[in-house]
Amino acid sequence: FPVAGTCYQQAKRVLHAAVPDHLHARERETGVIQQFLREHVCGRRPGSLYVSGAPGTGKTACMNRVLLDCKDELAGSKTIVLNCMALSSPQGVFPATAQQLGLPATAGREGVRRLEKHLTAQGPMVLLVLDELDQLESKGQDVLYTLFEWPRLPHSRLVLVGLANALDLMDRSLARLGAQLGGSPRLLHFPPYTREQLTTILQERLGQVAGDPVLDTAALQFCARKVSAVSGDARKALDVCRRAVEVVELEVRSQTLLKPLPGGE
């Protein structure tokens with residue numbers, strides 16, 4: 001049982017939705033984000049990128065992977081990563097950003113003006129990554145418009161990357177950006193994972209566990225087929241397999257504990 005127990009623990013560990021060294025089936029998207037950051041942050045060209053895709057399609061994982069891989073290249077700039085789900089209101093993004101820049105976290109119009117003045121003054125480039133961007137939708141969309149207009153201001157040093165589930169956020173909520181000089185942000189869409197891609201992701205994760213497979217190929221394919229038919233959410237597929245390992249682990253532990261000792265009655 002100790003050996004089996006270690007095997008199950010390792011399987012559960014590799015099935016957690018952490019950022020892997022390599023994101024299968026997201027090579028193109030990773031390359032687009034890397035190129036965008038090199039052109040705009042390293043090239044000192046303000047700009048914005050809108051990344052869309054359903055939950056579990058790898059948006060945040062890709063972004064985090066790129067930030068890790070490009071850490072040295074981005075060393076000369078200031079990187080701020082905010083999850084908008086953690087903000088108490090859409091307007092809270094401004095004091096939260098100011099705080100990360102070492103400015104007073106002033107709320108209201110005064111805080112927005114101070115932040116805008118800072119981002120158009122001389123200094124290093126600022127990369128602002130906003131995850132769950134659709135949480136910033138508000139009446140009149142003033143918050144989103146302000147954020148996406150900042151990279152287009154004279155002398156701006158802001159590069160904005162927004163990640164959200166909605167594919168149509170730009171068309172639905174920020175239509176007038178496209179009518180302005182400079183146009184809409186660059187768009188990058190993450191499609192749902194296919195059955196084959198989910199199967200490969202699960203096999204790659206469990207392949208890190210030594211010994212016989214904890215879950216056989218047929219089980220992984222079944223899981224991938226069901227998840228791809230509903231959502232294509234890789235996190236859901238990982239959760240299902242991790243739960244299956246937990247169930248098997250409990251069964252094995254129960255059988256081991258109830259097994260009579262050698263020579264016993």
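**Figure 1. His40 sits in helix H2, which covers residues 27–42.** This close-up comes from a predicted model. Is His40 buried or exposed? His40 has a relative accessibility of 10%, and the cut-off for buried is under 20%, so His40 counts as buried. Which residues does His40 touch, once neighbours within four places in sequence are left aside? Look for Arg45, Pro46 and Gly47, and then for Met125 and Val159.

**Figure 2. Glu132 lies in a loop and has a positive phi.** The loop in this view runs between strand E3 (126–131) and helix H6 (142–149), and Glu132 is found in it. The phi angle of Glu132 is about 55 degrees, a positive value, although Glu132 is not a glycine. As background, most residues other than glycine have a negative phi. How exposed is Glu132? Its relative accessibility is 24%, so Glu132 counts as partly exposed.

**Figure 3. Gln141 belongs to the loop between E3 and H6.** What is phi for this residue? Gln141 has a phi near 55 degrees, which is positive, and Gln141 is a residue other than glycine. With 13% relative accessibility, Gln141 counts as buried. Try holding this view beside the one of Glu132: Gln141 is buried, whereas Glu132 is partly exposed.

**Figure 4. Pro104 is placed in the loop that joins two helices, H4 and H5.** Helix H4 spans 93–100 and helix H5 spans 108–119. Pro104 has a relative accessible area of 47%, so this residue is partly exposed. What does Pro104 touch, not counting residues up to four places away in sequence? Its partners are Ala98 and Arg114. You can also follow the chain from Pro104 to Thr120: these two are 16 residues apart in sequence, and their C-alpha atoms are 17 Å apart in space.

**Figure 5. Ala219 is part of helix H10, residues 217–230.** Buried, exposed or partly exposed: which word fits Ala219? The relative accessible area of Ala219 is 35%, so partly exposed is the right term. Now pick out Val112 as well. Ala219 and Val112 are 107 residues apart along the chain, and 53 Å separates their C-alpha atoms.

**Figure 6. The domain assignment gives the protein two parts, domain 1 and domain 2.** Domain 1 is made of two stretches, 4–20 and 193–257, while domain 2 takes in 27–189. How many residues does each domain bring to the contact between domain 1 and domain 2? Seven come from domain 1 and seven from domain 2. The C-alpha centres of the two domains are 35 Å apart.

**Figure 7. A step back shows how the close-ups fit into the whole protein.** The protein contains eleven helices and five strands. Its C-alpha atoms fill a box of roughly 85 × 35 × 35 Å along the principal axes. The radius of gyration is 23 Å, whereas a compact globule of 265 residues would have one near 18 Å. Of the 265 residues, 43% are buried. Among contacts between residues at least 6 apart in sequence, 80% join residues at least 24 apart. The accessible surface comes to about 14200 Å², and carbon and sulfur atoms account for 53% of that surface. Finally, there are 31 positive and 27 negative side chains, and the centres of these two sets are 5 Å apart.

How values were computed. Residues are numbered from 1 along each chain as its sequence is written. This is a predicted model: local features need pLDDT of at least 70, side-chain atom pairs count only at pLDDT 80 or more; totals for chains, interfaces and linings use all residues. Side-chain values use heavy atoms; hydrogens and water are left out. Helices (H or I, at least four residues) and strands (E, at least two) are DSSP runs, numbered from the N terminus. The radius of gyration is taken over C-alpha atoms; the globule rule is 2.2 Å times the number of residues to the power 0.38. Buried means under 20% relative accessible area, exposed over 50%, partly exposed in between (1.4 Å probe, protein chains only). Contact means heavy atoms within 4.5 Å. Accessible areas come from the Shrake-Rupley method with a 1.4 Å probe; for residues, only the protein chains shown count as cover. Lys and Arg count as positive and Asp and Glu as negative; His and the chain ends are not counted. The place of a charge is taken as NZ of Lys, CZ of Arg, CG of Asp or CD of Glu. Domain bounds come from an automatic or database domain assignment.
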